[in-house]
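Got your viewer open? Let's take a walk through this one, selecting a piece at a time and seeing what turns up.

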Amino acid sequence: MVKRVYDFSEGSKDMRDLLGGKGANLAEMTGMGLNIPPGFTITTTACLEFLDAGGKFPEGLWEEVLEHVKRLEESTGKRFDDPENPLLVSVRSGAPVSMPGMMDTVLNLGLNDKVAQGLIKLTNNERFVWDAYRRFITMFADVVKGLDRRKFEEVFEEVKKEEGVKGDTEVSVEGLKETVERMKKLYKEEMGEDFPQDPYPQLRDAIAAVFNSWNTPRAKTYRKFEGIDDHMGTACNVQMMVFGNMGWDSGSGVMFTRSPSDGSKGLFGELLFNAQGEDVVAGIRTPIKLEELKDQYPKLYAELEEIAHKVEEHYKDMQDMEFTIERGKLWILQTRTGKRTARASIKIAVDMVEEGLIDKETALLRIQPSHIDQILHPQFDPQAKKEAVLLAKGLNASPGAAVGMAIFDADKAEERGKAGDSVILVRPETTPEDVNGMVVSRGFLTQHGGGTSHAAVVARGWGKPCVAGCEDIKIDLARRLFTVGEYTVREGDWISIDGSTGEVFLGKIPLVEAVYEKETELIKALEWADEVRSLGVLANADNPEDASRARRFGAQGIGLCRTEHMFFDQEGEEVSRRANIVNMILRSEVAAPLLRQLEALEKALKANPDDEELKKEYEELKKEVDSHPDVKQYRESLENLLPLQRKDFLGIFKAMDGYPVIIRLIDPPMHEFLPPREELLVEVTELRAKGASGRELEEKEQLLRVVESLWETNPMLGLRGCRAGLMYPGLTEMQVQAIMEAAVEAWKQGVEVHPEIMIPLTSHINELEEEKRKLQQVAERVLEEKGAKDLKYKIGTMIEVPRAALTADEIARAAEFFSFGTNDLTQMTYGISRDDAEGKFLLNFVDRKLLPVNPFQVLDRDGVGKLMRMCVEAGRKTNPELEIGICGEHGGDPSSIEFCHEIGLDYVSCSPFRVPIARLAAAHAQIKNPR
Ligand code: PEP
Ligand code: MG
């Protein structure tokens, strides 16, 4: 028969799938010789069998449980239903992955009237016994029987009111006893039967409830958000109870072996004397901080420190532990890998390498790309923060800054968040019930609860800012507002919270970028990543500022310098770039065909230099073309643009001293530089209606005519990329001249330059060859003229059109490098418009799982990726020296980076902000799949 129940002494941490995280850890800790209350674990397999059978115990399971209860009785000397020495147990869920607070727990199971009397005698602590009993009834009614917990809590509240007290511990023994009586009565009313006195049915029902809790709506929501598999099931742990509420020499606590918010060393956590674990998490009374124990209870602190050290040595990671002190004896209830903020993840990983606990690769794998994203997230603008109204200060429970409208319940937060509003969920405290609203909120603000309260734990796990235990604010849920001093914040009012400092501000504070340079641990980890990775990381940057930022973030060059932005006006320049490109386009109507004609003749003449007739024809046309006013203006516009472009490139080369700069020739359809057709139509019509005539009208009419002639049904498939260079004579030449002159100038100033010129949107080798011919001509001329023949440059192309990928063997003959433009390649492979689809149907398809992911964010390995793989192989076959990279948005996406590593690319190029992430992701790829 398959074994479904394991004693703690029978398992280990490697049995997580079967015993759940908690069960595996309890077993592991038992094995380590820590002081763990004994017990046993019922497997996740048993849970799945139970759920599959529609909530029935599989055959033999109960008998196996009974056997383990017997063993437990033997090992503890305690027995169920024995007033002389009663066994009480906790029954807890524990899934293979941590789902804090999502599933159910029953404590004090085994209590009944008889045992209560026995315990009173044994402990001489009547208060403790009635308190435990009233807790047990409440939990059993709620968790096991699905009754309304609030009704039971109200019973206790009533008694408190009658006694005129507020705190739980202030209620008299009689009051507690009375509470138990009233609760039992309420239970009978609700259930139509007495509260069960036999511990065995209590246990059986509690196990069933734990298994069923795997499928509660809140557990499902949590799993969906965290991407946790629904088919894992939860294990169920049955363990001897120890009591933190047996008096003031008892207590319950939580302990992180390092700070989960910033990773700093030292114990971090809280202890509540004379209380059970749930009281600490629920934030009912304010616990004392573990640091304070150092002075007040040095022996206890030292004991905790020793345990922390032992578990870290054993698990090689920061641990989050729960412990109970029962009449001075310290029991460990559980330990698990501590959830932590992004910042703490990085610091702990780096520190542990330096402490010799783990190696660099392990540390790198513990840092996730999302952690970098989080710590490089915006923070408040310091000046604006100084000027803002500080409303209150609570606990800095989860770092980062958030701005949003205060919303006072989870459902409303969900509604507003989904509608696209920025929401900060404000609650007295949060519970797992609030998860739907928390998912969409920018941050959380709670009035009660500490650093280990639900809101704080969830926020850190999700990387959201949280200010907890902000007692200064007085929340009035009925009126949907909170007051603090003279201020009232109503629902929908804007607030800003700083989870790093615990501050709460009125209104919106602008957010600013994080300061990378201050992130010393991250910088160190990324240096290790650089030692490990084999993929290069370059940046997409098209101005000197972005180029410098990219360098600061560790980019090894520019993988894509888009030049189209350089045709828009820049501040402080006298010459209008825009006016010149517009003029060029306008004049191209007449000038471009003439110039192309001239170019053709020139080519023919080169092929037949002795053909006198051809020579004559060429010279006549040349004269005509050179003196044509449209051609003159067309050329003048290009000439005006030349020095401006040169200046741009010079700045970029300087910022990238020593590193390659891949500059892409102009790419977009030309109409993008012109005013919209509709706007021009209105203007022309208005001018005509006013009876205007003359220059203004003529110019507008010409502009309109050109705009209409450039109009395309599918501009993305139209006259763009190298096609523009091929249709607008002189455009490629001007850009290349600017690039090469800038390169020479920088080189003469002592800068190490590596210019690489990239031709966009090639689909046929002939296009590439024609552009390359012109390009080389200009480049060689500039180098010759400037006496810089030693300056090396490269010519390559983007692979953005499926045809180019499919004919990579040919294309590679004319290219020294390829760069995958996966934005276009995805658009054209999928046949999905990159500019329209996301808003129209694509995200809906992703939601419906018609598509696994948004292919514009995460590279489609099976389709686009297949083309890339073929392209790499074919291209390298023809040209083994071919350098291949990627510069589409996917170049900054960790999963896509991993794929690029696998298919043997040389580098990825992404936006400067993503460079640190790419460095890490490239290292991860190498560690997981060395090449
Ligand atoms: C691409 O297509 O992936 C690319 C980088 O070019 P752009 O986004 O400028 O079209
Ligand atoms: Mg493109």
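What is the handedness of the crossing of H20 and H36? Before you decide, keep in mind that this is a predicted model. Now select helix H20, residues 520-532, together with helix H36, residues 915-928. Turn the view until one helix lies in front of the other. The crossing is left-handed. The two axes come within 8 Å and cross at roughly 45°, so H20 and H36 count as oblique to each other.

Next, show the side chains where these helices touch. On the H20 side, pick Leu526, Glu527, Ala529, Asp530 and Val532. On the H36 side, their partners are Pro916, Arg919, Leu920, Ala923, Gln926 and Ile927. Colour them by type and you should find 7 nonpolar, 1 polar and 3 charged residues in this contact.

**Stay on H20, add another helix**

Keep H20 selected, hide H36, and bring up helix H13, residues 342-354. H13 and H20 pack at an angle of about 65°, and their axes are 9 Å apart. Here, too, the crossing is left-handed. From H13, the residues to click are Ile346, Lys347, Val350, Asp351, Val353 and Glu354. From H20, choose Glu521, Leu522, Lys524, Ala525 and Trp528. How many of the residues in the contact of H13 with H20 are nonpolar, polar and charged? Count them on screen: 6 are nonpolar, none are polar and 5 are charged.

**A pair of helices running opposite ways**

Now jump to helix H22 (residues 577-607) and helix H23 (residues 612-627). Their axes are 10 Å apart and the packing angle is about 155°. That angle makes H22 roughly antiparallel to H23, since anything over 145 degrees counts that way. Their crossing is left-handed.

For the contact itself, select Leu594, Leu595, Gln597, Leu598, Leu601, Glu602, Ala604 and Leu605 in H22. Then add Leu614, Lys615, Glu617, Tyr618, Leu621, Lys622, Glu624 and Val625 in H23. This set divides into 10 nonpolar, 1 polar and 5 charged residues.

**The magnesium ion**

Time for something that isn't protein: select ligand 2, a magnesium ion. Which residues coordinate the magnesium ion? They are Glu800, through OE, and Asp824, through OD, at 2.0 Å. Follow the chain from each one. Glutamate 800 sits in the loop between strand E28 (794-799) and helix H30 (802-806), while aspartate 824 belongs to helix H32 (residues 822-830), so the pair ties together parts that are 24 residues apart in sequence.

Are these two buried or exposed? Glutamate 800 is buried, because its relative accessible area is 2% and the cut-off for buried is under 20%. Aspartate 824 is buried as well, with a relative accessible area of 2%.

**Two glycines in loops**

Pick glycine 449, in the loop between strand E16 (443-446) and helix H19 (454-462). Glycine 449 is buried, at a relative accessible area of 13%. Try the distance tool from its C-alpha to that of phenylalanine 195: the atoms are separated by 32 Å, and the residues are 254 apart along the chain.

Your second glycine is glycine 718, found in the loop between helix H26 (695-710) and helix H27 (722-727). Glycine 718 is buried too, with a relative accessible area of 10%. Setting aside neighbours within four places in sequence, glycine 718 is in contact with Glu712 and Arg723. For a longer line across your screen, join its C-alpha to that of serine 252, which is 70 Å away and 466 residues apart in sequence.

**A lysine, then zoom out**

Select lysine 188, in helix H7 (residues 173-191). At 44% relative accessibility, lysine 188 counts as partly exposed. Beyond its neighbours within four places in sequence, lysine 188 is in contact with Glu193 and Asp194. Draw a line to histidine 628, C-alpha to C-alpha, and the readout is 103 Å, for residues that are 440 apart in sequence.

Finally, show the whole protein chain. The C-alpha trace spans about 125 × 65 × 55 Å along its principal axes, and the chain has 36 helices and 31 strands. Of its 931 residues, 55% are buried. Among contacts between residues at least 6 apart in sequence, 69% join residues at least 24 apart.

Definitions and conventions:
Residues numbered from 1 in each chain as written. Chains lettered and ligands numbered in written order. Predicted model: local features only at pLDDT ≥ 70, side-chain atom pairs only at ≥ 80, totals over all residues. Heavy atoms only, no water. Axes fitted to C-alpha atoms, helices over the stretch in contact; angles between N-to-C directions. Helix = DSSP H or I, 4+ residues; strand = E, 2+ residues; numbered from the N terminus. Parallel < 35°, antiparallel > 145°, perpendicular 65-115°, else oblique. Left-handed = near helix turned anticlockwise from the far one by under 90°. Contact = heavy atoms within 4.5 Å. Nonpolar A, V, L, I, M, F, W, Y, C, P; charged D, E, K, R; others polar. Donors = N, O, S within 2.8 Å, 3.2 Å for Na, K, Ca; no water. Buried < 20%, exposed > 50% of the residue type's maximum accessible area, 1.4 Å probe, protein only.
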